[in-house]
Amino acid sequence: MPTETIAGVVANGMVAPPVPAMTDHPDRALLLSGAESGERVAIHCEATSFDAATADLRSVAALRIRGSRVLTSQRLILSFWPTEPAEPALSRLLAFIGNRPLVGYYLDFTVGLLDRLVQPMVGMALPNPRIEVSSLYYGRKAKAPGKYAVDLRLDSILRELDLPPRAGEDAYANALAAAMVYLRLEPPQP
């Protein structure tokens, strides 16, 4: 019998089957980096349906937030087509996101859709902390006396917070709106 490690031997003396190694994808190190930049990334996806388990990804927009500024000059907008491989574009997205917290509206859908594509590529789901702007807004409005129903539609939140309306219905407009809501509700500490 070949020499085995202690971890490879089970209680009954049999050798456990080898555990497959995690994918050594270069983007994996970016996601797990311990360096904190203080930035956030507002992100939004557009897909063929609202079911993250079956939808096809059509576009992703991501914007960096640094301090009290949305860095619109540092944005990433990607389009995906079913006939082309998604890995090169997803690698660009992962490099842009890094280990920064993700900010968004309906963020569970966006991250669920991305996780479905990223996990086979890098061997793990996105580990980034998540900040859902509708939850921030609800937490603020639920504390107000006399309010029983809270309108969580993105356009209603923008209007209530006295922010400019969305400039469109695309992924970029939604990511930008989520970034503005985030900054209004969670202003950076000096």
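Of the 190 residues of the chain, 41% count as buried, where buried denotes a relative accessible area under 20%, exposed over 50%, and partly exposed the range in between (1.4 Å probe, protein chains only). The structure is a predicted model, in which local features need a pLDDT of at least 70 and side-chain atom pairs count only at pLDDT 80 or more, while totals for chains, interfaces and linings use all residues. Residues are numbered from 1 along each chain as its sequence is written, and side-chain values use heavy atoms, with hydrogens and water left out.

The chain has six helices and five strands; helices (H or I, at least four residues) and strands (E, at least two) are DSSP runs, numbered from the N terminus. The order of the elements from the N terminus is α-β-β-β-α-β-α-β-α-α-α. Contacts, defined by heavy atoms within 4.5 Å, are in considerable part long-range in sequence: of those in the chain with a separation of 6 or more, 61% are accounted for by residues 24 or more positions apart.

Confidence is expressed as pLDDT, the predictor's confidence in each residue on a scale from 0 to 100. The chain has a mean pLDDT of 82, with 78% of its residues at 70 or more. Among the elements, the lowest mean pLDDT (54) belongs to helix α1 (residues 26-32) and the highest (97) to β4. The pLDDT is below 50 over residues 1-23, a stretch that has 14 contacts in the model beyond near neighbours in sequence.

The packing of helices was examined next. Two packed helices are described by the angle between their axes and the distance between the axes. The axes of α2 and helix α3 (residues 107-122) come within 11 Å and cross at roughly 100°; axes are lines fitted to C-alpha atoms, for helices over the stretch in contact, and angles run from 0 to 180 degrees between N-to-C directions. The two helices α2 and α3 are therefore roughly perpendicular to each other, given that angles under 35 degrees count as roughly parallel, over 145 as roughly antiparallel, 65 to 115 as roughly perpendicular and the rest as oblique. On the α2 side the contact is made by Glu87, Leu90, Ser91, Leu93 and Leu94, and on the α3 side by Leu114, Leu117, Val118, Met121 and Val122. These residues divide into eight nonpolar, one polar and one charged, with Ala, Val, Leu, Ile, Met, Phe, Trp, Tyr, Cys and Pro counted as nonpolar, Asp, Glu, Lys and Arg as charged, and the others, Gly among them, as polar. The buried residues of α2 are Ala89, Leu90, Ser91, Leu93, Leu94, Phe96 and Ile97. Gly98, with a positive phi near 60°, follows α2.

Helix α2 also meets strand β3 (residues 69-79), in which Leu78 is placed. Leu78 is buried, at a relative accessible area of 4%. Residues touched by Leu78, not counting those up to four places away in sequence, are Arg58, Ser59, Val60, Ala89, Arg92 and Leu93. The C-alpha atoms of Leu78 and Ala89 are separated by 6.9 Å, at 11 residues apart along the chain.

Electrostatic pairs were assigned as salt bridges, each a side-chain nitrogen of Lys or Arg within 4 Å of a carboxyl oxygen of Asp or Glu. By this rule the count comes to eight salt bridges. Arg64 pairs with Glu39, with the closest N and O atoms 3.8 Å apart. This pair links distant parts of the chain, 25 residues apart, with Arg64 in strand β2 (residues 57-66) and Glu39 in strand β1 (residues 39-47). Both partners are buried: the relative accessibility of Arg64 is 14%, and that of Glu39 is 5%. Arg100 likewise forms a salt bridge with Glu39, at 2.8 Å between the closest N and O atoms. Here the separation is 61 residues, Arg100 lying in the loop between α2 (87-97) and β4 (102-104). Arg100 is buried, with a relative accessible area of 14%.

A further salt bridge joins Asp155 and Arg166, whose closest N and O atoms are 2.8 Å apart. Asp155 lies in helix α5 (residues 154-160) and Arg166 in the loop between α5 and α6 (171-185), 11 residues apart. Asp155 is partly exposed, with a relative accessible area of 33%. Through shared partners, salt bridges join Glu39, Arg64, Arg66 and Arg100 into one network.
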